Amino acid sequence: GGEQISAIGRGICVLLGISLEDTQKELEHMVRKVLNLRVFEDEGGKHWSKSVMDKQYEVLCVSQFTLQCVLKGNKPDFHLAMPAEQAEGFYNSFLEQLRRAYRPELIKGRGEGAGRCGRGEGDRPPLRRRLSRAGRR
């Protein structure tokens, strides 16, 4: 029963886990990956053929530090996550670069109120993958 803060039509929801090691170069790499990731089918029904840009779909970006969690015994440890003060600027830069590289009106984020990611009819299932090179283990 929470308040809906943001919504998109067809498109992708990006859960952005920002690492201590992420840099401006990583940010640029992540923007390219998000916009060019082929997760949609083409007009002929071929799966994994079209990107969000190809389809002119929307992008909802949610900052999600919990993706940087590692377990220490039975406790979560977030030491790999960028501190909130730094992460806020990185997240805002990510949104800004997405908007510059694509269509600004199709990019939604916390500024417009990023919220939960649902699954609409025909949308791709959620993908959990580290997009930054630095975050790979």
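In the predicted model, the side chain of D77 forms a polar contact with the side chain of K72, at a distance of 3.1 Å. D77 belongs to strand 4, which covers residues 75-77. With a relative accessible area of 15%, D77 is classed as buried. Beyond the neighbours within four places in sequence, the contacts of D77 are with Q68, C69, V70 and K72. The C-alpha atom of D77 is also separated by 9.1 Å from that of T66, a residue 11 positions away along the chain.

Two of the residues in contact with D77 can be described further. Q68 is situated in the loop that joins strand 2 to strand 3 (70-72), and a relative accessibility of 5% places Q68 among the buried residues. A polar atom of the Q68 side chain lies 2.9 Å from the backbone oxygen of G17. C69, in contrast to Q68, is partly exposed, its relative accessible area being 25%.

The cysteines were examined for covalent pairing. A disulfide is a covalent bond between the sulfur atoms of two cysteines. The structure contains 0 disulfides. For C61, the closest cysteine sulfur is that of C13, and the separation of 8.0 Å is too far for a bond, given that a disulfide requires sulfur atoms within 2.5 Å. C61 is buried, with a relative accessible area of 0%.

At the level of the whole chain, the secondary structure consists of 3 helices and 5 strands. Read from the N terminus, these elements follow the order β-α-α-β-β-β-α-β. The protein chain has 137 residues, of which 37% are buried. Of the contacts between residues at least 6 apart in sequence, 68% link residues at least 24 apart. The accessible surface of the chain amounts to about 8600 Å², and carbon and sulfur atoms account for 49% of this area.

Helix 3 spans residues 84-101, a total of 18 residues. The distance from its first C-alpha to its last is 25 Å, close to the 26 Å expected at 1.5 Å a residue. The buried residues of helix 3 are A87, F90, Y91, F94, L95, Q97 and L98. Viewed down the axis of helix 3, these buried residues fall within an arc of 165°, and they therefore line one face of the helix. The face turned away from the buried side carries E85 and R100, both exposed. The packing partners of the buried residues of helix 3 are strand 1 (11-16), helix 1 (24-36), strand 2 (58-63) and strand 5 (107-108).

Helix 1 was considered in the same terms. For its 13 residues, a span of 18 Å is expected at 1.5 Å a residue, and the end C-alpha atoms are 18 Å apart, in agreement with that value. In this helix, the buried positions are E26, L27, H29, M30, V31, V34 and L35. The buried residues of helix 1 pack against strand 1, helix 2, strand 2 and helix 3. Packing between helix 1 and helix 3 thus appears in the description of both helices.

The loop between helix 1 and helix 2 (52-55) contains S49. S49 counts as buried, at 18% relative accessibility. The side chain of S49 reaches the backbone oxygen of K46 at 3.0 Å. When residues up to four places away in sequence are not counted, S49 touches R38, F40, D42 and D54.

Backbone conformation was also assessed. Most residues other than glycine have a negative phi. W48, although not a glycine, shows a positive phi of about 60°. W48 is placed in the loop between helix 1 and helix 2 and is partly exposed, at 45% relative accessibility. Q56 likewise has a positive phi, near 60°, and is a residue other than glycine. Q56 lies in the loop between helix 2 and strand 2, where a relative accessibility of 39% makes Q56 partly exposed.

Conventions. Residues are numbered from 1 along each chain as its sequence is written. This is a predicted model: local features need pLDDT of at least 70, side-chain atom pairs count only at pLDDT 80 or more; totals for chains, interfaces and linings use all residues. Side-chain values use heavy atoms; hydrogens and water are left out. Buried means under 20% relative accessible area, exposed over 50%, partly exposed in between (1.4 Å probe, protein chains only). Helices (H or I, at least four residues) and strands (E, at least two) are DSSP runs, numbered from the N terminus. The expected span of a helix is 1.5 Å times one less than its number of residues. The arc is that of the directions from the helix axis to the C-beta atoms. Contact means heavy atoms within 4.5 Å. Accessible areas come from the Shrake-Rupley method with a 1.4 Å probe; for residues, only the protein chains shown count as cover. A polar contact is a pair of N or O atoms within 3.5 Å; within protein, one must be able to donate a hydrogen and the other to accept it, and residues adjacent in sequence count only if both atoms are side-chain atoms.
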